[in-house]
Amino acid sequence: MLPEGSAADPWVTTVLDGIGADVVTVVTGSTDRAVIAAALTAQLPAGTPVAGVVSLLALRDEVTGDVPDGVGLTTGLLQALGDAGVDAPLWCLTRGAVSTGTTDRPARPLQAAIWGLGRVAALEYPQRWGGLADLPEAPDPRAAAALGAVLAGLDGEDQVAVRGSAVLARRLVPAPPREDTAAWTTTGTVLVTGGTGALGGHVARRLAADGAGHLVLLGRRGPDAPGVDALRAELEALGAGVTVAACDAADREQLSAVLAAIPADRPLTGVVHAAGVLDDGILDRLTPQRYREVFRSKVTAALLLDELTADAGLEAFVLFSSASSAVGNPGQANYAAANAVLDALAEQRRARGAAATSVSWGVWGGGGMAGAGSADDAARRTGIAAMDPALAVETMLRLVAGTAPTAVVAEVELDRFAGAFGGTRPSPLLREFPGYAELVAGRAGPRPGAAEDDLAATLAALPPARRLDTLVDLVRSRAAQVLGYPGSDDVGPERSFRDLGIDSLGAVELRNQLGAATGLGLPATLVFDHPTPAAVARYLLDELTGGDAGTDEPGTDGEEAGIRAALATVPLERLRELGVLEPLLRLIGRGEEPAGDDDTGTGPGGTEVDAMSVDDLVRAALDGRPDDL
């Protein structure tokens, strides 16, 4: 897949020649999924075998509305491949976007956005994601040939940089034993974007306590931000001068004015770019517009800070990145893409001898973008615990004084982390993480198709009326696991996933769990297109039985399924109040026994009945099988 105007580029022709396969070239300049799907369909008539898809759309790193064009094009391609029914693995190529060492300077950091996006795509589209490969800036036939080996499946690697004939694979490893490096301190001026927010406040307090002479805190609301007067007073009590400015750091004129106002007797010595905006959503629903504010606050501001302070001789240039850019996080493709650019910018600055430290953070305690609500819950589900802010700032200041341009700092619960990021698509990125390989091996699922075969056989052996119930139970139990519930009682068949609290990450996690349990390739939009457990179960039943589930005959199984689903949403006590409980019990031969006051547990008021789930009661009543109790 090529961007418009690139077919004659010598770099492109060298890469295509090196792939060494029958190549069908599709060209697009549109981010519209329908337009791209039509182009794919025109070049790939129905039934055409496709071994793989290679995208060079990242080469379009011109910026439109704060977002590199290649990001919108690649997102449109990911969506269009599903629309066109192309399930072959997708590889995205970049050119000089990542660094392999201190002397390998990223020439095109904007293309690194595709790496952040791709790490999320690997989790949201595990069955049809291939990987990421970065090639050198200059056309190189040896590198192109090595790329062909990677595309053929070289050791299962899916994040590689090709340099000459060498293929370098990316790994996340524990930090080496910490050197006794003192934390960075300064007596000069430090500018903090997002300085009136929770994260910026934590940083400012520590800098002031360590002797920073002047803190310039930027925020879009400036002096009108909540709590800013108390923060100013606290910082001044620690001995720092404080300037609070209402400034959009992505606005050249506004940022230039702030920098020009820094007094000569307290020169700028450090920058901490902690500002950021979230607009989470699964890739299938993202549009170029949903990238814009995220990129503006993160990338445009960082590039301006880099440019406008180039001659300042800074001691520290700190970029707040995110662990989502390092390992991926379902539902955060736009955020991961933006933060991956910050990592590449830090590598580029270090290679040219300038100060730079990009920290890919996990979750901070004490507030911030992921400090409350669904983002915090989602992080905990993936094994990322909230860090103590004081320890996080201490770590950041030690990294600033060190030599590494990038680092990932997170508190990780490995078992849960492996389940979230390795259960569906084990990642070579984490192969050398202690204990990861053993955890993934222990979670290894059945051979491809085995789960589908087993479940289909189980359903076939059941009476038609029980098949939907079985799948409803499956969906409810897996949803309860995703939500962290002790059981499925709180997950009613007709309760919407939105009301239950399933967010974008939870939607992908539930899709992945159901895919593993059924052996089906399920869309990332599963719970959005089928918004209740009962609706998902009906979809699964159709997929597993080819639409011949035997539950749609008027007045019989289809009607019973509806009754089951409806009754199962009613609390047991409400059935008792309505007078429905006793007739149901009589149907299964339990209502004739006296309820009494001795609490024998045999009648409608007994403890055995109170312990029953509504689902079990309804099933027993409709099936007429008291043994189910």
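Author: A polar contact is a pair of N or O atoms within 3.5 Å, one able to donate a hydrogen and the other to accept it. The model discussed here is predicted.

Reader: What makes the pair formed by Asp 140 and Arg 142, at the start of helix 5, a polar contact?
Author: A side-chain oxygen of Asp 140 comes to within 2.9 Å of the backbone nitrogen of Arg 142. The cut-off is 3.5 Å, so the pair meets the distance criterion.

Reader: Which residues of helix 5 are called buried, and what covers them?
Author: In helix 5, which spans residues 141-151, the buried residues are Ala 143, Ala 144, Ala 146, Leu 147, Gly 148 and Val 150. Each is called buried because its relative accessible area is under 20%. Their cover includes helix 1 (10-19), strand 6 (90-95) and strand 7 (129-135), together with strand 8 (159-163) and strand 9 (166-169). Helix 5 is followed by Gly 153, which has a positive phi near 105 degrees.

Reader: How do you know that strand 8 and strand 9 pair?
Author: Pairing requires at least two bridges, and strand 8 and strand 9 share four in the antiparallel sense, so they count as paired. Val 160 stands opposite Ala 169 in strand 9. Two residues lie between the strands of this hairpin, where Gly 164 has a positive phi near 65 degrees.

Reader: Which residue other than glycine has a positive phi, and why is it called partly exposed?
Author: Asp 66 has a phi near 75 degrees. It is found in the loop between strand 4 (63-64) and strand 5 (67-68). Its relative accessibility is 21%; buried requires under 20% and exposed over 50%, so Asp 66 is partly exposed.

Reader: Why is helix 4 described as largely enclosed?
Author: Of the 12 residues of helix 4, 12 are buried, and therefore the rest of the structure largely encloses it. Among them are Trp 115, Arg 119 and Glu 124. From first C-alpha to last, helix 4 (residues 113-124) reaches 17 Å, close to the expected 16 Å.

Reader: Why are strand 16 and strand 19 said to stand at the edges?
Author: Three strands make an open sheet of mixed pairing, in the order 16-17-19. Strand 16 (363-364) and strand 19 (411-412) each have a single partner strand, so one side of each lacks a neighbour in the sheet. Strand 17 (residues 384-387) and strand 19 pair in the antiparallel sense over two bridges. The requirement is at least two, so this counts as pairing. Ile 384 is opposite Val 412 in strand 19.

Reader: What makes the side chains of strand 18 alternate?
Author: In a regular strand the side chains alternate between the two faces of the sheet. Along strand 18 (residues 406-409), Ala 407 and Val 409 point to one face and are buried, whereas Thr 406 and Val 408 point to the other and are not. Strand 18 pairs in the parallel sense with strand 15 (residues 357-361) over four bridges. Ala 407 is the bridge partner of Val 359.

Reader: Where does Ser 496 lie, and which residues does it contact beyond its neighbours in sequence?
Author: Ser 496 is in the loop between helix 17 (464-483) and helix 18 (497-500). Leaving aside neighbours within four places in sequence, Ser 496 contacts Pro 531 and Thr 532. A polar atom of the Ser 496 side chain is 3.0 Å from the backbone nitrogen of Asp 499. Ser 496 and Ala 535 are 39 residues apart in sequence, with their C-alpha atoms 9.6 Å apart in space.

Technical notes
Residues are numbered from 1 along each chain as its sequence is written. This is a predicted model: local features need pLDDT of at least 70, side-chain atom pairs count only at pLDDT 80 or more; totals for chains, interfaces and linings use all residues. Side-chain values use heavy atoms; hydrogens and water are left out. Buried means under 20% relative accessible area, exposed over 50%, partly exposed in between (1.4 Å probe, protein chains only). Contact means heavy atoms within 4.5 Å. The expected span of a helix is 1.5 Å times one less than its number of residues.
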